[in-house]
Structures are given as C-alpha cells and as structure tokens.
Amino acid sequence: MNIGFIMDRDFLSGQPTDSVLVTQWLIKTSPHKMLYVTTSEGTLLGFIRLQDIQNLTGETLQEIMVPLAETQVVAPDDSTELLGPLFDNHPDWSSIPVVDKGKLIGVVPREWNIFSHRSPVEDSANFSLEPFQQQILDALYTGLIVVDHHGITRMLNPAGAEILDVKPEAVVGKPYEELAQYLFSHITDYLKGSAIPLALMGAATRGERQLRLSNHRDVLFKFGTIHHQGTLQAILVTFMDITAQKQAEALAHHQQQELEMAFALTLPNSKVEAKLKSSPEYQDVYDPESGKARVTRVIPDGTYRHVINGLRIMAELKAIGVFQLVGIDKDTLVQAFIFHDVGKAQPTLQVGQVFVPQDTFEPGFLHAGRSADWARRDYHVSTDVEWIVRYHHTRESDLPADFPSALKPMLRIFQLVDGLSAAITRRNARIAPMTLTGSVLTIDERNDDTRYDRRYQLSIYTGDIQLLSRT
C-alpha cells in the first residue's frame, strides 16, 4: 500500500518568520501535535513538537525548529512498510511528513502505524479457505449456480435463490432445465437463449446476457467453464440483480427526452433546431506525433448534442453559484450558446477516415462570425449575445480593442463551457463536479486526449489559469 493512500492533508504549518508568541497563542486550540515550518511555496524546512514550544527560546519559528536534516520524511509513492521502523525508532513523533519534490503535501499520523505491524505474508501462507468454503458461498451477495458436466445443478447459493425466487431444494441435484423454467418462459426460449446447452456441447466457454425474469427482476448473468485435461468438469454461472440500475437508466433516458423537449421549446423556431440537428460532430483519436486524427464515430446530430451538453454544464455552474457573480448573466450565456454554432459548416467524414484537423475543418472564427450575423439579423439578439457569439473562438489576447471589457468574464465562462461540452461530445471526457471559491473555478477534466487531460483553476474575473496536480 502506498503512503499517499493513507496520508492526511490536514496539518499545522507556519513560515520561518512567523512569531513564536503568536504561534503559541494559536496552537492552544489546535488538535495537532506537530507544527511544520515551510516556505510560502510549501517547501518543508523543519518541524516543532508543540509540547516543546512553550519551553523553547526564540522569536521566530526558524530559530526554534528542528531542521529538516535532523528528521526523516517519506514520499507519497513509498510503501507503508516504511512507517513501522520510523515510528518505532522515534516514539516522540506523532506524525511523519510526506514530501513530494521538496514540498510538504501531507502527514501520516501515528495511528496509521497499524499497517506496519500486521502479520507478515509468510505467516499466512498456510491459511486454507477450505474450512470456510460453504460460509463464503453463503456470504456472497451475488448469485452463484454450479452445473456439472452432465447438466445437473449442483449448487445454488442463498443470494441466487433470493434473486431467482427459487427454493434450492427444488432445483439442486436435478437437471438444469428445472431451474431454467424460472428464467425462461418456454423450453424453446431456453434452448435458443441459454448458454448452458452451448457450454455442455463445448460450443461456448464464457459469456453474459441480461434477462427479465417472471418476478419482474432484471438480472445480469455471466458464465464460465472449468476444464480438466481438456474435459469439461463444470459450468459456473454468476448473476446479480440489476433492476435498480435498469430503472435508473430508463429514468435517465426519460429525463433526457424531457430535457430535449424542453430545450426545443427554448429555440426560436424549427429552423434553428433543424440546423443544429443536421450538423454532425465526430469522435476521433488524435496522434500528436503525426498531427493526424482517425474518426471513430460519427454523431449525425452532434452539434445539437453539443449544445445540450453545454446547457447541462451551465446548470451545474448555476448550482454552485457562478451566475450569482457580478457581471455574469445566465440568460445571455444560454442564448449565446444556443446560437453560437448555427453557422457551422462541417465536412463529411467516415468512420476510419484519417484527417489533419486544421486542413479539414474551417477556422472557428468563420462560423462564429456567420452565427453572430444570423443571430443578430434573424433573431434580434442583444449586443452582448452577439459579441460573445462572434468572438467565442478568439483568444483573449486577440480580441479587438473595442470588445467590451465588462463582457470578458462571461466570454471566459462561455469558452470554458464550449470546451468542456466539446470534450464530452467528441471525446467522452469525464468532468468531475466543479467547485467555486470566490470567483475562481476548479475544473478536473479526465480526457483520453492528453492535451486536455488536466486539473486546473480559472479565475473568472482575471482570466488567469493555474494547472493543478491530481495527487
């Protein structure tokens, strides 16, 4: 086990120039027993035992601290096996600092020393599961069926009996068909859809399928076979109740339909909806060495999906308070996002086709300009909406001199939403829940394209971006 898995990121620290008197007053209510002295950048310099601070003489923490050279540190990737000897050799230590590239990132409290004093692996080498075999099978939360090579059901565990609504004594020791009648409505369905006959004939060794049972449960079945010297010995079937999952999927699908219907009502007319739905997007795999990408999927209504994903992200931003900030108007951003790609002209690509992105797609500022022109002329959008749509593909450093400075915070949010929505639509990116601290957003984007796989902070009012580590 790595130390980074158990370390505590909550620790007491101070800077070398901090006053000892002030620190003595602050630590009176602190639950910590060690104070770590670091630079303003977080570099570890030394430590002070709080029990000693009252008896040490000096004006600053640097004067009374134990220097780093006189202590030992661990790294987040180190094994927890290192902790035992360190704590044993230093009984006065209440914690051990965890340092990465010189910076203090956490501590390991003495309480975690339990991981260093467990029985060695060799002590349990003679441990046998055989005496507990039946208890293990009975304790499983998933269903388990064992069928021998003659097609006789030899075991049905309690969890499986509960899922299937079957009494084990009614089916165990009997041909599997006795059990199959609880899974299939007729013998012909069993022969067509069950893996057991195929496995008994040697035509299949593993597989899975979902069934809706007569007790109205949705169940996922997986099977595998056991062979000895090439001869089938048994068939193992594991299964689990996925009714709640299927109901959640159905609910999500229904909510998606409702969202799309609600979104359609927000569109000015059917022309905008038709334009968005007729503009495809492409999922692809990008090769940074060649600068080329290969199409893996065509999304016929991709631009429409992109807009819906963007509105979802805006809903999350609303929930965390972004639209409560001064200068941020929800209606302006929503309207701008609806219109921002109506002027998009996409090439026609096929799955498997290799292309150079900058040679295949027109520059973004061209469709941004068209979209802004149409939105202003045909739908009479506000000037703020027009500005944002027209320059949503323009870097902030390249904005025209007359671009309203008061709109820049909204443009930054718009470009953030546009990028994250494109990542979700085109690359199946996973975006962790965003957080807002003051006017600073923290975003964690998990993206298979390494160019965008990052965790970072965006200052909405200044535009500053700071990359963060995921440790």
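Student: Which residue in S13 stands opposite Gln283?
Tutor: This is a predicted model: local features need pLDDT of at least 70, side-chain atom pairs count only at pLDDT 80 or more, and totals for chains, interfaces and linings use all residues. Residues are numbered from 1 along each chain as its sequence is written, and side-chain values use heavy atoms, leaving out hydrogens and water. Strands (DSSP runs of E, at least two residues) and helices (H or I, at least four) are numbered from the N terminus. Opposite Gln283 in S13 stands Arg297.

Student: How many bridges join S12 to S13?
Tutor: Strands pair if DSSP finds at least two bridges between them. S13 (residues 292-299) and S12 run antiparallel. The number of bridges joining them is seven.

Student: Which strands stand at the edges of this sheet?
Tutor: The open sheet has three strands in the order S12-S13-S14, with antiparallel pairing. An edge strand here has a single partner, so one side of it is left without a neighbour in the sheet. Those strands are S12 (281-287) and S14 (354-355).

Student: How far apart are the end C-alpha atoms of H15?
Tutor: H15 has 16 residues (364-379). Expected span is 1.5 Å times one less than the number of residues, so H15 should span 22 Å. The model agrees, with its end C-alpha atoms apart by 21 Å.

Student: Which helix supplies the largest share of the largest nonpolar core?
Tutor: A nonpolar core joins buried (under 20% relative accessible area, 1.4 Å probe, protein chains only) Ala, Val, Leu, Ile, Met, Phe, Trp, Tyr and Cys residues through side-chain atoms within 4.5 Å. The largest has 42 residues. Its largest share, seven residues, comes from H17.

Definitions and conventions:
Buried means under 20% relative accessible area, exposed over 50%, partly exposed in between (1.4 Å probe, protein chains only).
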